[in-house]
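Reader: Please take me through this one a question at a time. Start with the term I'll need most.

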Amino acid sequence: MKIETKVWILPLLVIYLFGCGRIDDRDNSISGNTDTLNEVIEDEEKTSYLSETYYDGKSIVDKELYAVPFRKSDKYISNKELSETVSAANMNKMVDTVEEYINILYSTGYRQVVSDQEKFRNTLFTYLDDNAYYTDGNGNVITADEYVNMIIEWIVDNHIIAEIAVTTDRSLVYSDMYYYVRCKIDIQNYGDQKIPAGSFMPVLTEDVINVFEKKSIYCDIALKLENSNDYTSGKIVSINVINIE
């Protein structure tokens, strides 16, 4: 007998009591000086969870992404540990999946969705599990098909047109039952309507995003691999927001 597993999308705001202050506006770029790099890393490790990652300073990543605990349960496997069994190339495949999905949600544009809803629906299902169950943001369990319908309705009704920038890094990939990719999503609203708050949103925010306004959302996005040996087979199973600016 096949056992049906419920997988949840949780567009709920989860703000921890630490690590959620304003991002430091100072330039956080790192020079090629090894001593300076080591000093920066040592300083960050005192006040963040950077030490649980393999981060080497070669890429510039917003330090706020390391300021909130990664661990969610006793199944947690840190990025540093995960790097011993999952290659950098495979971590980057999961990062790519997350970046692509977020860009599709906000950057497709409502006119393009209206012109061919079926094509857009099929595109979403390449990133979602069509056999899973999701929630609508109010705790109601819905089918994957109903969830996709809500996404389409949200984009069309609110005239979503936005410019998106996703900031993440393979040092922000970890495991805790599922694989997780932590990222920062910069959203600038270029539609003719405000992006609402307090209603269904694929990535829930507490604040309205007004026309031409920009918001930054920090979140952990969980992936379930359909094929354990194929890191391009990840399906989005949850989006947990940890901070909004």
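Author: A salt bridge here is a side-chain nitrogen of Lys or Arg within 4 Å of a carboxyl oxygen of Asp or Glu. Now the ground rules: this is a predicted model, where local features need pLDDT of at least 70, side-chain atom pairs count only at pLDDT 80 or more, and totals for chains, interfaces and linings use all residues. Residues are numbered from 1 along each chain as its sequence is written, and side-chain values use heavy atoms, with hydrogens and water left out.

Reader: Which residues have pLDDT under 50?

Author: pLDDT is the predictor's confidence in each residue, from 0 to 100. The protein averages 80, with 79% of the residues scoring at least 70. Where pLDDT is low, the predicted coordinates should not be read in detail. So go easy on the 82 contacts (heavy atoms within 4.5 Å) beyond four places in sequence that the model has for the stretch under 50, residues 1-37.

Reader: What pattern does the protein follow along the sequence?

Author: Helices (H or I, at least four residues) and strands (E, at least two) are DSSP runs, numbered from the N terminus. The protein comes to six helices and eight strands. Read along the sequence, they give α-β-α-α-α-α-β-β-α-β-β-β-β-β.

Reader: What share of the residues count as buried?

Author: Buried means under 20% relative accessible area, exposed over 50%, and partly exposed in between (1.4 Å probe, protein chains only). The accessible surface comes to about 12,300 Å², of which 46% belongs to carbon and sulfur atoms; such areas come from the Shrake-Rupley method with a 1.4 Å probe, and for residues only the protein chains shown count as cover. Of the 245 residues, the buried share is 47%.

Reader: Among contacts between residues at least 6 apart in sequence, how many join residues at least 24 apart?

Author: Take the contacts between residues at least 6 apart in sequence. The share of them joining residues at least 24 apart is 69%.

Reader: Back to charges: how many salt bridges does the structure hold?

Author: Side chains of opposite charge can pair when their charged atoms come close. Counting such pairs by the cut-off above, the structure holds eight.

Reader: How far apart in sequence are Asp 62 and Lys 184?

Author: Their side chains meet in a salt bridge (3.3 Å, N to O). The pair links distant parts of the chain, with Asp 62 in the loop between α1 (34-47) and β1 (76-77) and Lys 184 in strand β6, a separation of 122 residues.

Reader: Is Asp 62 buried or exposed, and what about Lys 184?

Author: Asp 62 has 10% relative accessibility. Lys 184 has a relative accessible area of 14%. Both values fall under the 20% cut-off, so Asp 62 and Lys 184 count as buried.

Reader: Which parts does the salt bridge between Asp 220 and Lys 72 tie together, and how far apart are they in sequence?

Author: The two side chains meet at 2.9 Å, N to O. Asp 220 is buried at 0% relative accessibility, while Lys 72 is partly exposed at 33%. Since Asp 220 lies in strand β7 and Lys 72 in the loop between α1 and β1, the pair ties together parts separated in sequence by 148 residues.

Reader: Which residue forms a salt bridge with Glu 213?

Author: Glu 213 is partly exposed, with 25% relative accessibility. Its partner is buried, with a relative accessible area of 12%. The closest N and O atoms are 3.7 Å apart, and that partner is Lys 215.

Reader: Which residues do salt bridges with shared partners join into one network?

Author: Two of the members are Asp 62 and Lys 184. Add the remaining name and the network reads Asp 62, Lys 184 and Asp 186.

Reader: Which side chain makes a polar contact with Asn 243?

Author: A polar contact is a pair of N or O atoms within 3.5 Å; within protein, one must be able to donate a hydrogen and the other to accept it, and residues adjacent in sequence count only if both atoms are side-chain atoms. Asn 243 sits in strand β8 (residues 234-244) and is buried at 5% relative accessibility. At 3.3 Å, its side chain contacts that of Glu 64.

Reader: Which side chains make polar contacts with His 159?

Author: His 159 lies in the loop between α6 (144-157) and β4 (162-167) and is partly exposed at 22%. Leaving out residues up to four places away in sequence, His 159 touches Tyr 110, Gly 191, Asp 192 and Gln 193. Polar contacts of 2.9 Å and 3.4 Å join its side chain to, respectively, Asp 192 and Gln 193.
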